[in-house]
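Reader: I've got the viewer open and I'd like to go through the labels one at a time. Can you show me the thing and then justify the words you use?

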Amino acid sequence: MFPVVWTILYVLMGLASYMIWSAEHSVFRDHSNVRNWLIVYGLSLVFNFCWSPVFFNLNWFWFAFVWLLALWGMIIYLVIKASSISMAAMWMMVVYLLG
C-alpha cells in the first residue's frame, strides 16, 4: 500500500511544484514569493529523503521525530504560501501534508 500512496503523493508534489514554477513566469506574480516556495520545496524533499535512513538505519528515534516536525513545518509553510500563488498547487500540498 505504501508504494502506491507515496507514488501518488510524489506525482501530486511534482505537479504542484510545476504549477508554482510556471507561475513565476506570470507578470502578475511576486517572483520572490515563488522562488522562496521552490527553495523550501527543495529543502523539504531533502528532509523527506533523509528521514527514512535517520529513523530506520540509524534508529535515532527522537532525532527523527524532531526532523519530522521540521518537515511538517516546511510543508505547512508550502501550503500557506501556495495559496497565494496557485490554489490547485495548495490542495496538492494539503494531500502531501495529510499523507
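Author: Sure, starting with the word "helix": here it is a DSSP run of H or I with at least four residues, numbered from the N terminus. S44 is found in one of those, helix α2. Keep in mind that this is a predicted model.

Reader: What makes S44 count as buried or exposed?

Author: The cut-off for buried is under 20% relative accessible area. S44 has 0%, so it is buried.

Reader: And how do you know which backbone atom the side chain of S44 pairs with?

Author: From the distance. A polar atom of the S44 side chain lies 2.7 Å from the backbone oxygen of Y41. The limit for a polar contact is 3.5 Å.

Reader: Let's zoom out. What pattern does the protein follow along the sequence?

Author: It reads α-α-α-α, with 4 helices and 0 strands. The C-alpha atoms fill a box of roughly 50 × 25 × 15 Å along the principal axes. Of the 99 residues, 34% are buried.

Reader: How do you put packed helices into numbers?

Author: Two packed helices are described by the angle between their axes and the distance between the axes.

Reader: Then why are α2 and α3 called roughly antiparallel?

Author: The axes of α2 (residues 31-57) and α3 (residues 61-82) cross at roughly 155 degrees and come within 9 Å. Angles over 145 degrees count as roughly antiparallel, and therefore α2 and α3 get that label. By class, their contact has 20 nonpolar, 4 polar and 1 charged residues. The crossing of α2 past α3 is left-handed.

Reader: What about α1 and α2, at what angle do they pack?

Author: About 160 degrees, with the axes 10 Å apart. With the cut-off at 145 degrees, that makes α1 roughly antiparallel to α2. Their crossing is left-handed.

Reader: On to the rings. How many aromatic pairs does a search of the whole structure find?

Author: It finds 12.

Reader: Why is the pair of W6 and Y96 called what it is?

Author: Planes over 60 degrees apart count as edge-to-face. The planes of W6 and Y96 stand at 80 degrees, with the ring centres 6.5 Å apart, so this pair is edge-to-face. W6 lies in helix α1 (residues 2-23) and Y96 in helix α4 (residues 87-98), so the pair ties together parts that are 90 residues apart in sequence.

Reader: How do you know whether W6 and Y96 are buried or exposed?

Author: The line for buried is under 20%, and partly exposed runs from there to 50%. W6 comes in at 28%, so W6 counts as partly exposed. Y96 has 4%, so Y96 is buried.

Reader: What makes W51 and F55 a pair of their own kind?

Author: Here the cut-off is under 30 degrees for stacked. The planes of W51 and F55 are at 15 degrees and the ring centres 4.8 Å apart, so the pair is stacked. W51 and F55 are 4 residues apart in helix α2, which means about one helical turn separates them. F55 is partly exposed at 24% relative accessibility.

Reader: Which residues do ring pairs link into a cluster?

Author: F47, W60, F63 and W67.

Reader: N59 looks odd in my torsion plot. What makes its phi worth a remark?

Author: Most residues other than glycine have a negative phi. Phi of N59 is near 60 degrees, so a positive value in a residue that isn't glycine. N59 is found in the loop between α2 and α3. At 45% relative accessible area, N59 is partly exposed.

Reader: How do you know that N33 and S84 make a polar contact?

Author: Their side chains come to 3.2 Å, set against a limit of 3.5 Å. N33 is in helix α2, and at 15% relative accessibility N33 counts as buried.

Reader: Last one: why does Y77 count as partly exposed?

Author: Its relative accessibility is 29%, and partly exposed begins where buried, under 20%, stops, so that label applies. Y77 lies in helix α3. The C-alpha atoms of Y77 and G99 are separated by 16 Å, with their positions 22 residues apart along the chain.

Key
Residues are numbered from 1 along each chain as its sequence is written. This is a predicted model: local features need pLDDT of at least 70, side-chain atom pairs count only at pLDDT 80 or more; totals for chains, interfaces and linings use all residues. Side-chain values use heavy atoms; hydrogens and water are left out. Axes are lines fitted to C-alpha atoms, for helices over the stretch in contact, and angles run from 0 to 180 degrees between N-to-C directions. Helices (H or I, at least four residues) and strands (E, at least two) are DSSP runs, numbered from the N terminus. Angles under 35 degrees count as roughly parallel, over 145 as roughly antiparallel, 65 to 115 as roughly perpendicular and the rest as oblique. A crossing is left-handed if the near helix is turned anticlockwise from the far one by less than a right angle, and right-handed if clockwise. Ala, Val, Leu, Ile, Met, Phe, Trp, Tyr, Cys and Pro count as nonpolar, Asp, Glu, Lys and Arg as charged, and the others, Gly among them, as polar. Rings of Phe, Tyr and Trp (its six-membered ring) pair if their centres lie within 6.5 Å; planes under 30 degrees apart count as stacked, over 60 as edge-to-face and the rest as tilted. Buried means under 20% relative accessible area, exposed over 50%, partly exposed in between (1.4 Å probe, protein chains only). A polar contact is a pair of N or O atoms within 3.5 Å; within protein, one must be able to donate a hydrogen and the other to accept it, and residues adjacent in sequence count only if both atoms are side-chain atoms.
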